[in-house]
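Work through the exercises below with the sequence and the 3D view open beside you, and try each task before you read its solution.

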Amino acid sequence: QVQLMESGGGLVQAGGSLRLSCVASGSTFRISAMGWYRQAPGKQRELVATISYGGSTNYVDSVKGRFTISRDNAKNTVYLQMNSLKPEDTAVYYCNAEYSALKKDYWGQGTQVTVSS
């Protein structure tokens with residue numbers, strides 16, 4: 001029943017910005033953690049950023065200082081503000097939500113981010 005709906009992807013030039021959003025629906029249980037992953041063509045999916053219910057964050061080294069993850073618990077929404085984008089950031093970005101009470105993780109369908117030079 002849980003569904004994650006992502007939005008905000010698109011095509012931008014290097015140095016530009018995008019803001020990704022992901023809304024979780026279908027359950028009233030608390031989401032313990034939310035995160036963003038990405039997968040570039042021919043590469044493994046990697047963790048980009050995570051945020052706990054209380055707001056603690058973690059980032060992969062390559063995006064530190066450029067990306068900011070945040071969440072609105074009342075709206076069951078997680079955001080990823082991406083600044084100073086580089087062509088290397090080009091990938092499909094996936095939203096993830098962890099429901100501790102359900103002992104399950106759910107994934108969004110992915111949104112394409114393309115950064116041109």
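## Exercise 1: a charged network

R38 has a relative accessibility of 6% and therefore counts as buried, where buried means under 20% relative accessible area, exposed means over 50% and partly exposed lies in between, with a 1.4 Å probe and protein chains only. The model is a predicted one, in which local features need pLDDT of at least 70 and side-chain atom pairs count only at pLDDT 80 or more, while totals for chains, interfaces and linings use all residues. Residues are numbered from 1 along each chain as its sequence is written, and side-chain values use heavy atoms, with hydrogens and water left out.

**Task.** Find which residues are joined with R38 into one network by salt bridges that share partners.

**Solution.** Step 1: recall the general idea that side chains of opposite charge can pair when their charged atoms come close. The cut-off used here is a side-chain nitrogen of Lys or Arg within 4 Å of a carboxyl oxygen of Asp or Glu, and a search of the whole structure gives four such salt bridges.

Step 2: begin at R38, which forms a salt bridge with E46, with 2.7 Å between the closest N and O atoms. E46, at 29% relative accessibility, counts as partly exposed.

Step 3: look for another partner of R38, and you find D89, with the N to O distance at 3.0 Å. R38 belongs to strand 4 (residues 33-39) and D89 to the loop between strand 8 (77-82) and strand 9, so this pair ties together parts that are 51 residues apart in sequence. Strands here are DSSP runs (E, at least two residues), numbered from the N terminus.

Step 4: continue from D89, which is buried with a relative accessible area of 2%, to R66, which it meets in a salt bridge of 2.8 Å from N to O. This pair also links distant parts of the chain, since R66 sits in the loop between strand 6 (57-59) and strand 7 (67-72), 23 residues apart from D89. Put together, the shared partners join R38, E46, R66 and D89 into one network.

## Exercise 2: a buried arginine

**Task.** Determine which backbone oxygens the side chain of R71 reaches.

**Solution.** Step 1: locate R71 in strand 7, and note that R71 is buried yet has no salt bridge, the nearest side chain of opposite charge being D72 at 8.1 Å. For this purpose Lys and Arg count as positive and Asp and Glu as negative, while His and the chain ends are not counted.

Step 2: turn to the backbone, where the oxygen of I31 lies 2.8 Å from a polar atom of the R71 side chain, and where the oxygen of I51 is reached by the R71 side chain at 3.3 Å.

## Exercise 3: strand 9 and its partners

**Task.** Work out which strands pair with strand 9 (residues 91-99), and in which sense.

**Solution.** Step 1: use the rule that two strands pair if DSSP finds at least two bridges between them. Strand 4 is joined to strand 9 by seven bridges and runs antiparallel to it, with Q39 and V92 as bridge partners.

Step 2: strand 10 (residues 104-107) is also antiparallel to strand 9, over four bridges, and A97 has Y106 as its bridge partner. These two strands form a hairpin with four residues between them, and K103 in the turn has a positive phi of about 55 degrees.

Step 3: strand 11 pairs with strand 9 in the antiparallel sense over three bridges, and Y93 is the bridge partner of T111.

Step 4: consider the surroundings of strand 9, of whose nine residues seven are buried, so that the strand is largely enclosed by the rest of the structure.

## Exercise 4: the disulfide

**Task.** Identify which cysteines a disulfide joins, and state whether they are buried or exposed.

**Solution.** Step 1: apply the cut-off, which is a pair of cysteine sulfur atoms within 2.5 Å; a search of the whole structure finds one disulfide.

Step 2: the cysteines are C22 and C95, with 2.1 Å from S to S, and the link is left-handed, with -85 degrees about the S-S bond. C22 lies in strand 3 (residues 18-25) and C95 in strand 9, 73 residues apart, and both C22 and C95 are buried.

Notes. Polar contact = N/O pair within 3.5 Å; in protein donor to acceptor, adjacent residues only side chain to side chain.
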